[in-house]
Amino acid sequence: MATEYSKLSNYIRTERNSKYLEVYVPPIDAAQIDELSLESVTLAGHYNKRPDLYAHDRYGDSRLWWVFTLFNRQKLRDPINDFKSGVELNIPTKSQIERLI
């Protein structure tokens, strides 16, 4: 029986066979968002190692934590431990995310 993922899951577009996930396909095509329209933010101390908390405050849903890593792969190699206060991220707006999901 195949697992069904929610539309907010970062695995929603990744194919699965009877046992495993296939090669990962990001849920959002980052090319659909113009880099010039990304918003630059600096993480505050209370979000230290908490991308889920920032996703909740920013997008209204903690399950969208993976958006930060998708758009900042060079800065967030480890999506938890590299999510520190003072790190500057480029992220899409809430309306951009709602349009693509």
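L21 is found in the segment before β1, in what is a predicted model, and that residue gives a convenient place to start. At 34% relative accessibility, L21 counts as partly exposed. Together with Y11 and Y24, L21 forms a nonpolar patch on the surface, and the accessible area of the three residues comes to about 260 Å².

From this surface patch we can turn to the nonpolar interior. In soluble globular proteins, nonpolar side chains tend to be buried together. The largest nonpolar core here has 23 residues, and the members that touch the most other members are I28, Y54, L64, V67, F68, F83 and L89. The elements that give two or more residues to this core are α1, α2, β2 and α3, with α2 supplying the largest share, 5 residues. L89 deserves a closer look, since its contacts can be listed in full: leaving aside neighbours within four places in sequence, L89 is in contact with E39, S40, V41, L43, F68, N72, K75, L76 and F83. Two of these partners, F68 and F83, also stand among the core members that touch the most others.

Helix α1, which spans residues 51-59, has P51, Y54, A55 and Y59 as its buried residues. Seen down the axis of α1, these buried residues fall within an arc of 105°, so they line one face of the helix. As background to that pattern, an α-helix has 3.6 residues a turn, so residues three or four places apart point the same way. The cover over the buried residues of α1 includes strand β1 (39-42), helix α2 (66-71), strand β2 (88-91) and helix α3 (94-100).

The two ends of α1 are also worth following along the backbone. In the loop between β1 and α1 lies K49, whose phi is near 60°, a positive value in a residue other than glycine. At 41% relative accessibility, K49 counts as partly exposed. At the other end, just after α1, G60 takes a positive phi of about 85°.

Charged side chains are the next topic. Side chains of opposite charge can pair when their charged atoms come close, and the count of salt bridges in this model comes to 3. In one of them R58 pairs with E39, the closest N and O atoms being 2.5 Å apart. This pair links distant parts of the chain, for R58 belongs to helix α1 and E39 to strand β1, and the two are 19 residues apart. Neither partner is buried, because R58 is partly exposed at 23% relative accessibility and E39 is partly exposed with a relative accessible area of 32%. E39 is also one of the residues in contact with L89, and strand β1 is among the elements that cover the buried residues of α1.

Another salt bridge joins R50 to D52, with the closest N and O atoms 2.9 Å apart. Both ends of this pair are partly exposed, R50 with a relative accessible area of 37% and D52 with one of 28%. A further salt bridge is formed between D61 and R63, where the closest N and O atoms are 2.8 Å apart. In this pair the acidic residue D61 counts as buried at 15% relative accessibility, while R63 counts as partly exposed at 44%.

Two residues in the later part of the chain complete the tour. N72 has its place in the loop between α2 and β2, and N72 is buried, with a relative accessible area of 5%. Which residues does N72 contact, leaving aside its neighbours within four places in sequence? They are L89, N90 and I91, and L89 is one of the core members named above as touching the most others.

K94, finally, lies in helix α3 and counts as partly exposed at 38% relative accessibility. Not counting residues up to four places away in sequence, K94 touches R58 and Y59; of these, R58 is the salt-bridge partner of E39, and Y59 is one of the buried residues of α1. K94 and F68 are 26 residues apart in sequence, and their C-alpha atoms are 12 Å apart in space.

Notes:
Residues numbered from 1 in each chain as written. Predicted model: local features only at pLDDT ≥ 70, side-chain atom pairs only at ≥ 80, totals over all residues. Heavy atoms only, no water. Buried < 20%, exposed > 50% of the residue type's maximum accessible area, 1.4 Å probe, protein only. Helix = DSSP H or I, 4+ residues; strand = E, 2+ residues; numbered from the N terminus. Arc of directions from axis to C-beta. Contact = heavy atoms within 4.5 Å. Core = buried A, V, L, I, M, F, W, Y, C linked by side-chain atoms within 4.5 Å. Patch = residues over 30% accessible without salt bridge, like charges linked within 9 Å, V, L, I, M, F, W, Y side chains within 5 Å. Areas by Shrake-Rupley, 256 points an atom, 1.4 Å probe, with all protein chains shown as cover. Salt bridge = Lys/Arg side-chain N within 4 Å of Asp/Glu carboxyl O.
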